[in-house]
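Thanks for making the time this morning. I would like to walk you through one model, moving from single residues to strand pairs and then to charged pairs, with the cut-offs given as we go.

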Amino acid sequence: RIKSSFWGQLSTEEMYTFYLKMTNEFRAYTYFPPSLIKTDKDMRFDINEMVFDNFYMDVKNVFDMPVDIRLGRQDFLGTYGEGFLIMDGTPQDGSRTFYFNALKAAWRMNETNGLDFVYIRNTRDEEYLPVINEDKAPQNLNTTDEEAYVLYWKNKDKENLPFEAYYIYKREDDESGRGLQGEKGIINTMGGFGKYIFDPWTLRGQMAGQFGSYGEEDRQGMGGYLYLDKDFKEMTWTPKASLGYMYLSGDDVDSAENEAWDPLFSRYPWISELYVLSMGRDTGVTGYWTNLMAWRLETTFKTSEKTKLLLAYNYLRAAEETATTTILSGDSLDRGHLFQTRFDYAFTKNITAYLLVDYLLPGDFYVDDDSMLFTRVELQVKF
């Protein structure tokens, strides 16, 4: 997989800024089973699409008020609550793009408080901007069309206790929907994110509740996580350790309601590059995190000025049993054990690489108990 981007920015005085980023991602197969080759084109190094990755306008201090507006295609990576609900607006194209078609108005209430209003309109495939050199069926960006309104408040009155609260209204269409997005969905989500810093410890967590409808069914769900982090700054390699618990409600098959957690705009490799693929098999939707309880222990080491090592263990369970399928056993909550390691190396400030390995020992939640292995090597160049 080879991804390249170029971008530019134009500012006029201090009020207006225009930003454009173009991206291409193509894949070169060193091995492809002959039975899966559809055409000769599948084996070629085709730079087949160039897409508008970001394209927006910033307006500062609208009408001389403490309000900034950003209109257009934009990223929200790491902007809201550690990406628990708002992270990737285009989950179906993998890591090629993450953008949202959005209007964001940010009100600077005072030095320590801000309130954002965001309107989002993400379509199943590209509708708003041209795709350059498109030579195949449109690339799916989402399972179906999605629309949302977001109110997001950030408070930093206390430096060691930042807090965020939000309300999100989201509508999911059923056209081309499948799996847990097979019916029209209305999801109201209310919750908060907080962090308490008492050096060298940090306690951080998030909790949200959901209500609305899924087709003809009423919907209600709950999700969140809690982590305790500690820095060991005085030790060799300055390790950092984190112990956390995550909970995402699942649908009770014996109930008339739908209790499954909806991840909204966080269908990305939240816990694991490997397990996000397994979740897609469970739910019928790529990256649809739901019905999960997990304990996670993670340690990171800065092994040198240029290197970093991450080691993690996850014990995974389901919140609810599921109906029996060819994939799911229907009689167990034990999802299994997930082991992870990642090694980062910085050749220079602008040239970095990493090796990632995820290994899963499935539990009795699954019919097939064969272990799974995922590896990735990535090189990134910036200039």
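Let me begin with N54, which is buried at a relative accessible area of 5%, where buried means under 20% relative accessible area, exposed means over 50%, and partly exposed is in between, using a 1.4 Å probe and protein chains only. Before going further, I should say that this is a predicted model, in which local features need pLDDT of at least 70 and side-chain atom pairs count only at pLDDT 80 or more, while totals for chains, interfaces and linings use all residues. Residues are numbered from 1 along each chain as its sequence is written, and side-chain values use heavy atoms, with hydrogens and water left out.

N54 sits in strand β3, which covers residues 51–59; strands here are DSSP runs of E with at least two residues, helices are runs of H or I with at least four, and both are numbered from the N terminus. Its side chain makes a polar contact of 3.4 Å with the side chain of D53. A polar contact is a pair of N or O atoms within 3.5 Å, where within protein one must be able to donate a hydrogen and the other to accept it, and residues adjacent in sequence count only if both atoms are side-chain atoms. If we leave aside neighbours within four places in sequence, N54 is in contact with Y19, L20, K21, R73, Q74, D75 and Y99, contact meaning heavy atoms within 4.5 Å.

The next stop is R204, in strand β10, which is also buried, with a relative accessible area of 16%. Which side chains does R204 meet in polar contacts? One is E82, at 3.2 Å, and another is D229, at 2.6 Å. With neighbours within four places again set aside, the contacts of R204 include G194, K195 and S242.

That brings us to the strands around R204. Strand β10, residues 201–214, runs antiparallel to β9 and is joined to it by 14 bridges, and these two strands form a hairpin with two residues between them. Two strands are taken to pair if DSSP finds at least two bridges between them. Within this pair, N188 has F211 in β10 as its bridge partner. On the other pairing listed for β9, residues 185–198, ten bridges join it to the antiparallel strand β8, residues 163–172, and F163 stands opposite G194 there.

A second set of pairings involves β15. Eleven bridges join this strand to β14, residues 307–317, in an antiparallel arrangement, with T307 standing opposite Y345. β15 also pairs with β16 in the antiparallel sense over eleven bridges, Q340 standing opposite D358, and this pair forms a hairpin with four residues between the strands.

These strands also bear on the surface, where F343, Y345, F347, I351, L355, V377, L379, V381 and F383 form a nonpolar patch with about 950 Å² of accessible area together. Patches are made of residues with over 30% relative accessible area and no salt bridge, with like charges joined within 9 Å and nonpolar side chains (Val, Leu, Ile, Met, Phe, Trp, Tyr) within 5 Å, and the areas come from the Shrake-Rupley method with a 1.4 Å probe, only the protein chains shown counting as cover for residues. β15, β16 and β17 each supply at least two residues of the patch, and the largest share, three residues, comes from β17. F343, in β15, is partly exposed at 36%.

Finally, the charged pairs. A salt bridge here is a side-chain nitrogen of Lys or Arg within 4 Å of a carboxyl oxygen of Asp or Glu, and by this rule the count comes to 22. One of them joins the side chains of D68 and R108 at 2.7 Å, N to O. Since D68 lies in strand β4 and R108 in strand β5, the pair ties together parts that are 40 residues apart in sequence. D68 is buried at 17%, whereas R108 is partly exposed at 37%.

How exposed or buried are E172 and K170, whose side chains meet in a salt bridge of 2.9 Å? E172 is buried at 1% relative accessibility, and K170 is buried at 1%. Both belong to a network of salt bridges that links E146, K170, E172 and R267.
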